[in-house]
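Hi everyone, thanks for making time for this. I'd like to walk you through some surface features and charge pairs, and then I'm happy to chat.

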Amino acid sequence: DDAPPGAKTNNNSGGKGFRDTSGDFKLGDGLGDLQDDDDIGEGGIATNWDLPKPVVQADEMDGEDDGAWGAAREEAAAAKAREVERKAREEKIKAEAEVAKKERLAAALALGEKLKEEREEEKEKEALLKEQHEKKAEEDRKAAREAARAEVQSVEQTVDMDAQRDIMKQYEESFLDKDVGS
């Protein structure tokens, strides 16, 4: 070390070669002092002093059109036009898809209504057929009852009372003849 005799060396500070020869406390002595001249040259914080060069506007170029810049501008304009066309196509496709969606929805609703009406008509027909069947069955029952009633009422006396009287006289006479003749 190049330190004079009796000087204190503080290497714990993080700075390079800070030497305190007076022994008194100084503000910023050894507490991460990064402003040393040695830090600048060795890749420290403030080593990059290169500032970006100002961009010259197209208006300031005095009418000289560089071929690369002109081609870049044309390409940018073409890209912008393509982007506008792409967005227009996308919007058109979205609009067509929305219209198609609405048409499908309307068709589905119409089909649903049609099927619902057909089911209702079918139910009405079934109810009418059932009602007609029940009415016919009731009429058949009434006709069967009337036929049974008429048959019961149409029963005639099959017994001939005059013939029965004659038979009884003959029977009685056959007893009397035997009793008298004996």
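I'll take the salt bridges to begin with, then turn to the surface patches. Please keep in mind that this is a predicted model.

So, how many salt bridges are there? The count comes to seven. I'll pick out some of them, starting with Arg86.

Arg86 pairs with Glu90, and their closest N and O atoms are 2.4 Å apart. Both residues belong to helix α2, where they sit four residues apart, about one turn of the helix. Are they buried or exposed? Arg86 is partly exposed, at 30% relative accessibility, and Glu90 is also partly exposed, with a relative accessible area of 35%. This pair has company, too: Glu83, Arg86 and Glu90 are linked in a network of salt bridges.

Further along, have a look at Lys136 and Asp140. They form a salt bridge with 3.7 Å between the closest N and O atoms. For those of you who like to check cut-offs, a salt bridge here needs a side-chain nitrogen of Lys or Arg within 4 Å of a carboxyl oxygen of Asp or Glu, so the 3.7 Å of Lys136 and Asp140 qualifies. Again we are in helix α2, with four residues, about one turn, from one partner to the other. Asp140 counts as partly exposed, at 44% relative accessibility.

One more pair: the side chains of Glu146 and Arg149 meet at 3.0 Å, N to O. Here the spacing is three residues in helix α2, so about one helical turn separates Glu146 from Arg149. Glu146 has 44% relative accessibility and Arg149 has 45%, so Glu146 counts as partly exposed, and so does Arg149.

Now for the patches. Which residues make up the negative one? On the surface, Glu113, Glu117, Glu118, Glu120, Glu121, Glu122, Glu124 and Glu126 form a negative patch. Let me zoom in on one of its members, Glu121. Glu121 lies in helix α2, which covers residues 67-153, and is partly exposed at 46% relative accessibility.

There is a nonpolar patch as well. Met168, Tyr171 and Phe175 form it on the surface, and together they have about 320 Å² of accessible area. Met168 belongs to helix α3, residues 161-180. With a relative accessible area of 43%, Met168 is partly exposed.

That's my tour. Over to you for questions!

How values were computed. Residues numbered from 1 in each chain as written. Predicted model: local features only at pLDDT ≥ 70, side-chain atom pairs only at ≥ 80, totals over all residues. Heavy atoms only, no water. Patch = residues over 30% accessible without salt bridge, like charges linked within 9 Å, V, L, I, M, F, W, Y side chains within 5 Å. Areas by Shrake-Rupley, 256 points an atom, 1.4 Å probe, with all protein chains shown as cover. Helix = DSSP H or I, 4+ residues; strand = E, 2+ residues; numbered from the N terminus. Buried < 20%, exposed > 50% of the residue type's maximum accessible area, 1.4 Å probe, protein only. Lys, Arg positive; Asp, Glu negative; His and termini not counted. Charge placed at Lys NZ, Arg CZ, Asp CG, Glu CD.
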